[in-house]
Amino acid sequence: MCGIAAFFKRDNAAFSVVESLFAEQHRGQDSAGLVSTDGTRLYSHFGLGLVKDTFKEEILQNLKGERAIGHVRYPTQGRVSLSNCQPHIFSFNGEDIFAVASNGDLTNLPELSEEILQEGLKLEGENDAEVIAKFLGLYTTKKKFSIVDAIYLFMEKAMGAYSAVLLTKNELFAFRDPWAFRPMCYGMKENFVSIASESVALDILRIPYYGEIEAGTIYRWNDSGLKIFERKTVKPIKHCIFEHIYFSRPDSIVFNEKVFEVRKKIGCFLAEKDKVVADCVIAVPDSSNYIGLGYAEKRGIPFVLGLVRNHYVGRTFIAPDQITRDEGVRFKFNPLPSFFVGKKIILVDDSIVRGTTIKKLIRMLKENGATEIHLRIGSPPIRHSCFYGVDTPNKEKLIASKMEVEEIRQFIGADTLNYLSIEDLRKCVSTPEDYCYACFNGDYPAGEKKHPSLVS
Ligand code: SF4
């Protein structure tokens with residue numbers, strides 16, 4: 001999961017890209033990068049860490065031009081390093097030709113890399129955007145393809161997820177894998193265009209939302225305006241259902257659905273057949289708030305913001321190593337003083353990955369006086385790894401891949417535990433057949449990743 005932003009024909013485009021990346025910071029906190037152009041050359045800046053720390057005003061002043069693309073990274077493939085920051089710049093004969101930023105993971109990276117290496121190009125990092133950039137660079141320079149034809153060929157050969165933008169000195173391209181795993185949308189205002197992973201990045205700048213970058217389709221903006229090249233490689237649409245459950249901001253429109261509404265429906269379906277008696281519903285903030293609200297409204301039980309989250313600790317789930325993850329849990333949530341004493345609680349969370357975070361939370365609430373904790377999970381058990389851009393751990397570290405629900409309940413210390421079923425999850429979106437559910441059912445629409453990644 002990463003975040004992308006792009007602007008075309010916007011004065012000081014780099015400033016606007018950074019504002020959009022701020023809105024998408026939840027999609028990646030490990031590095032940020034930006035490439036801009038004024039038509040004469042590409043300007044770039046990269047940094048490890050948050051957008052606000054990477055792009056100070058004096059740096060942005062040097063990122064000239066009215067076209068720019070940017071990226072926030074959350075590593076699923078490759079180390080946290082400057083060489084793996086995006087956008088990736090492709091240079092040929094000493095000249096920077098274009099830059100690429102992508103969100104998603106390719107499952108056949110070794111085959112694509114092999115082709116690039118055999119043609120004499122080098123790979124410096126270990127991330128998918130570099131492979132995309134080098135592949136397109138190989139075909140546009142050595143083999144004299146147009147950029148559009150090179151992207152079409154890439155779409156034919158590549159397996160997996162990529163929502164990508166490509167910036168040359170004169171043109172901006174946006175293209176998305178034929179399954180459309182990861183979100184990407186665009187908006188237009190006055191003379192300029194803005195592209196973002198999530199609509200919230202358009203919303204905060206009051207840019208009207210036009211719609212999604214369609215699956216397998218290439219969008220090109222230049223001085224003549226927008227041209228859309230229709231898709232040639234056709235696959236079944238398979239959006240990531242987890243964008244609705246957890247990743248995307250609730251104020252975004254993703255895959256043409258309002259995320260907060262999907263989350264409220266998830267809560268309603270969790271509540272539908274539940275008979276457990278409790279004093280209140282508490283959601284694990286922030287991603288579970290709307291699921292908890294939907295549950296509480298459906299059952300007529302008070303919804304209480306009983307856990308306070310420290311927003312200056314990163315999202316537990318996307319911390320890249322176990323030490324950070326463990327520290328994050330302890331510092332991240334705090335219960336309201338004395339509130340839990342003697343209370344029966346319905347605790348709502350979006351998902352359970354390893355089970356370690358929720359186990360600590362339940363222990364903390366019981367230490368604070370809660371007499372019963374009934375845990376309700378807004379997704380089915382995660383039994384399989386994701387190969388399309390999400391840092392779920394290796395399968396053997398997923399608690400639901402090795403334990404049944406009752407064993408999980410005992411391990412985490414809940415009094416009762418219910419998960420949402422896949423059938424009910426499917427009812428929460430308008431076009432359920434257009435979604436990937438592979439982390440629940442192991443049915444991978446674009447193959448499995450065989451190459452090692454840093455995910456452990
Ligand atoms: S495997 Fe799960 S997390 Fe990965 S794309 Fe499919 S639904 Fe999303």
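In this predicted model, the side chains of strand 8 divide between two directions: Leu-172, Ala-174 and Arg-176 point one way, while Phe-173 and Phe-175 point the other way. Such a pattern is expected, because side chains in a regular strand alternate between the two faces of the sheet. Both sets are buried in strand 8. The strand, which spans residues 172–176, is accordingly mostly covered, with 5 of its 5 residues buried.

Strand 8 has antiparallel partners in strand 7 and strand 12. Strand 7 (residues 163–167) is joined to strand 8 by 5 bridges, and the two run antiparallel. Leu-167 is placed opposite Leu-172 of strand 8, and the connection from strand 7 to strand 8 is a hairpin of 4 residues. Strand 12 (residues 218–222) also runs antiparallel to strand 8, with 4 bridges between them. Here Ala-174 has Tyr-219 as its bridge partner.

Helix 4 covers residues 109–118, and its buried residues are Leu-109, Leu-112 and Ser-113. These residues line one face of the helix, because they fall within an arc of 100 degrees when seen down the axis of helix 4. They pack against helix 5 (128–142) and helix 6 (147–157). Glu-114 and Gln-118, on the other side of helix 4, are exposed. Gly-120 follows helix 4 and has a positive phi, near 90 degrees.

The ligand is surrounded by residues that include Phe-181, Cys-240, Ile-241, Phe-242, Cys-386 and Tyr-388. Val-390, Cys-436, Tyr-437, Ala-438 and Cys-439 also belong to this surrounding set. By class, the shell around the ligand comprises 11 nonpolar residues, with no polar and no charged residues.

Definitions and conventions. Residues are numbered from 1 along each chain as its sequence is written. This is a predicted model: local features need pLDDT of at least 70, side-chain atom pairs count only at pLDDT 80 or more; totals for chains, interfaces and linings use all residues. A residue is buried if 20 or more other C-beta atoms lie within 10 Å of its own, exposed if 12 or fewer, and partly exposed in between; C-beta atoms are placed from the backbone. Two strands pair if DSSP finds at least two bridges between them. A residue is near a molecule or strand if its C-beta atom, placed from the backbone, lies within 6 Å of it. Ala, Val, Leu, Ile, Met, Phe, Trp, Tyr, Cys and Pro count as nonpolar, Asp, Glu, Lys and Arg as charged, and the others, Gly among them, as polar. The arc is that of the directions from the helix axis to the C-beta atoms. Two residues are in contact if their C-beta atoms, placed from the backbone, lie within 7 Å.
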